[in-house]
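Reader: Could you take me through one part of this structure slowly? I'd like to look at a pair of helices that pack together, and at the spaces around them.

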Amino acid sequence: MQLQPYRFGLALFLAIGPCLAHAQDKPAGEQGTFTLYKFARAIGKETWSIKVESGKGILRSDFKFTDRNTPVPLKATYTFASITQPLSLEVDGNSSRFSKLKDNFTFDAQRGKVALVRDGKTSEYPAGPHTFLIDGYSPVAMQQQLMRYWLASGKPASIDVPALGAVHIEPAGDLALNAKTLHGYTVSGLVWGSESLWLDDAQQLVALVSNDAEFDHFEAVREEIASEASLAVFTRQAVLNNLQALGKLAASAKQPVAKKLAITHVDLIDGTGAATRRDVTVFVENGKIARIDPQNTLPASTSGLVVIDGRGKFLIPGLWDMHAHYEQVEWGPIYLAAGVTTVRDCGNEFDYILAVRDALQSDRGIGPRLLVAGIVDGTGPATLGAVIADTPEQAREVVRRYKKAGALQIKIYSSMKPALVPVITEEAHRLGMTVTGHVPIGMTASQAVAAGYDGINHLQYLASEVVKLERGKPVPPWDLHSPQAEKFFDLLQHHHTVIDDTVALYESQLQAGDTPLRTFEPGIDHVAAPLVAALDSPGAPPEQAKRMHDVYALMLAALSEAHRRGLPIVAGTDQAIPGYSLHREMEIYVQAGFTPMEALQAATIVPARVMKLDRELGTVEVGKRADMVLIDADPLQDIHNTRRISKTISGGSVYDPAPLWRSVDFKP
C-alpha cells in the first residue's frame, strides 16, 4: 500500500521543498512523544517537535530513560532545507548507560562532504546521491525523519550514513492495529542486525523495535497507543519480519534437508567419555542418529543419501550455550556457525523470546534449539524487565505463566525480595521446573541455595561467598579450604548445585588495559564492525589492574575447586564475544584443571543432563537427535581445535559456517 502525503501543514511544506522558505508564514508544526521500553518495561520518554525557523526545518528531540538506576539522557537538534536535504545534526548525551555520544554533523552540499566533529576531532565523509545524517538507533524521531527521507527520495536501495556506513530499508508488510493499517519496514545499518518499525498513512512513526547500544532490547511506541498489549503485537511481528529478512541472507548456508545422511570415515568423539572411535560412519535418518558403522559400509543404493566425507576430521556432539541472551534473531546464524545447536536463553522479553522459540521450532527461522529460562525480578532501583513479582501471589502466578508458555526454568534476578525466593522455588519445583539466577540483593549464595536454587549464574557469587570483595579495595587474602569455604562448597555438593560460571565474560572484563583482547580471544577480529568498539574494551586501567587480576584469579580458583568437588558446571557466555566465547569457556576450563573431555562435556552432556534432555541430546549415540559438529582437528589433543568447524549438523540439517558468518556481517 502506498503511503499518503503528509496530512499536516509543516510536513507538507517540508515534503515539497521549495515552499519551505514560505512555511514560516503559517503556524504549522509537528510534535509528539514516544514511550521508551527496555526488556518490555517502560523506562522513559522522548518528546520531539519540528518547526520552521529562518527558512529551515528544525527537529528537536529530548530523549531520556533510566536503566537500572542509571539515567540515559540524549538531546538532538537536526536541521534540514527540505525533507531530502539535511543540513546538520547535533547530539549530546548517552545512547546507553556506558555509551557517551557527543557528535556534530554538518552537510556541505556544494563540496559534497559531511564533516563530523567527535571527541574534538573533525573527520570528513563523501556525500553520495543519497546521504542522511543519523547517529544510530536513538533518538527515535530521527528514525522517523530517515523514513521520510527514504520515501521522498524514491526508496533508494541504500542510504549513506557518515561514520556508520550504508543503511538499507525494506518493506515488511502491513499490520492491522486498532482498526488502522500500519506499514512495516526492516532497517539495517543503524545497529548491528535489523530493526523493525511501522509508519502510519501520515508517515508518522508509530513503533520501533530495536536494540540499544548495549545490545539489549529497546522499543519505542507512540505515547497515544503505548500499552503492554500493543507492545506485544509489535514485538512478535518484529521477530517474524527480522527472521524473514535474515532467512534470505542465510539461505546459502543450509543445504537442502535430507531424510538420510552419512558422515563417512570420521573419527568419533561421542561425548560419553569413551575413547575416540576411529574411522567410522555415522548414519542419520529423519533427524536422528540411526547407526554408527565401524565398517563404513554404504548401502547398495545411495539414492537420496547425502554423504559427507569425514576423512581426517572429528565428529563431536552439538555444543550448548547455557547462558545465552538471544536478543536478536542474528544470534541464530552465529550460534550455528560456532557449532552451537542448543541454547538456554537465560532471561529475555516474554513475548519476544517465545516468538523466536516458536518460529525456530516451526522452521520459520534459522537458529539452534532454544530453551527458555523465564526471568522474574522484584521492584527496586535496579529492576530489569517487565515481569515483576512483589507478593507471594504474584510470584506463584509468574511461575505458572512461564510454565504454561513452555519455559523449563525460572531465572530470579537481582532485585527479587529474598522472602519470595522460597515461594518461587517451591512453585517451580511443584510444576516440574528448576530455578537458576543471580543471588538477590540482601541474600548470600548459601541462602539462595538453601531457599531452593538449583543453579547459580556467574562465578562472582561463588567468589563473594568466600571473600568479602569491597568496591575499589584490594582483594584480601583468601583460602578456599577455610572453614567458611568448606561449609559453602559442602552445601553446593549436598544440593548438586549447577554452576553457570560465564568465566570467559569475566576474563574479557577483567583483562589488563595493556593486554589486547585478541591475544586470548582471536574471535574479536571476526565480529561485525558495529560490535567491535563495544566488545573490544580497553581493559582495566593501570591503577585497577592489580585488583582486577586478583579478582579473576579468585574466580578461576573457585571454578577449579567447584570442578574438583564434582559440581555440575555448564558452559555459557552471557554475550561476551558472539559465537567465540563458548570456545574460550572450554579453553579456560582446561586451564582450570579440566581434561579436554571434561571441558567438552561441560558444553554437551552436562547441560543436557541439567535440562533433563540427556535421553535425546548431549552425545552422539544411536537414537538421539542428530546434533553434531564436524571439526578439522582433534579437540582432545588441543581444546582450541573446537574452533576449527567444518560443518554444523542440527537435527540432521547441515550448515556451512562461512555463509552463516557472512549473513550477519562477521568475517568467516
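Author: Let's start with the two helices and then move out to the spaces they help to line.

Keep in mind that this is a predicted model. The pair to find is H4, residues 228-250, and H6, residues 350-361. Their axes lie 9 Å apart and make an angle of about 35 degrees. If you look at how one passes the other, the crossing of H4 with H6 is right-handed.

Now zoom in on the side where they touch. H4 brings Ala-232, Thr-235, Arg-236, Val-239 and Leu-243 to the contact. Facing them from H6 are Asp-351, Tyr-352, Ala-355, Val-356 and Ala-359. Sort the residues of this contact by class and you get 7 nonpolar, 1 polar and 2 charged. Look at the numbering too, and keep a simple rule in mind: an α-helix has 3.6 residues a turn, so residues three or four places apart point the same way.

Next, the enclosed spaces. The largest cavity holds about 100 Å³. It has 14 lining residues, and those closest to its centre are Val-209, Asn-211, Asn-242, Glu-327 and Tyr-352. You've met Tyr-352 already, as one of the H6 residues that meet H4. H4 itself gives the largest share of this lining, with 4 residues. Strand S13 (205-211) also supplies at least two. By class, the lining of the largest cavity splits into 5 nonpolar, 7 polar and 2 charged residues.

Our two helices turn up again at an open space, the second largest pocket, which has a volume of about 680 Å³. Among its 32 lining residues, Leu-360, Gln-361, Asp-363, Gly-367 and Arg-625 sit closest to the centre. Leu-360 and Gln-361 belong to the stretch 350-361, which is H6. Four elements give two or more residues to this lining: H4, H6, strand S22 (369-376) and strand S30 (653-655). S22 gives the most, with 4 residues. The whole lining of this pocket comes to 14 nonpolar, 11 polar and 7 charged residues.

So here's the picture to take away: H4 packs against H6, H4 gives the largest share of the lining of the largest cavity, and both helices help to line the second largest pocket.

Methods
Residues are numbered from 1 along each chain as its sequence is written. This is a predicted model: local features need pLDDT of at least 70, side-chain atom pairs count only at pLDDT 80 or more; totals for chains, interfaces and linings use all residues. Side-chain values use heavy atoms; hydrogens and water are left out. Axes are lines fitted to C-alpha atoms, for helices over the stretch in contact, and angles run from 0 to 180 degrees between N-to-C directions. A crossing is left-handed if the near helix is turned anticlockwise from the far one by less than a right angle, and right-handed if clockwise. Contact means heavy atoms within 4.5 Å. Ala, Val, Leu, Ile, Met, Phe, Trp, Tyr, Cys and Pro count as nonpolar, Asp, Glu, Lys and Arg as charged, and the others, Gly among them, as polar. On a 1 Å grid over the protein atoms alone, a cavity is a set of points where a 1.4 Å probe fits but cannot get out, and a pocket is an open set with protein on both sides within 12 Å along at least five of seven lines; lining residues have an atom within 4 Å of a point. Grid points are joined across faces, edges and corners, and a volume is the space filled by probe spheres set on the points.
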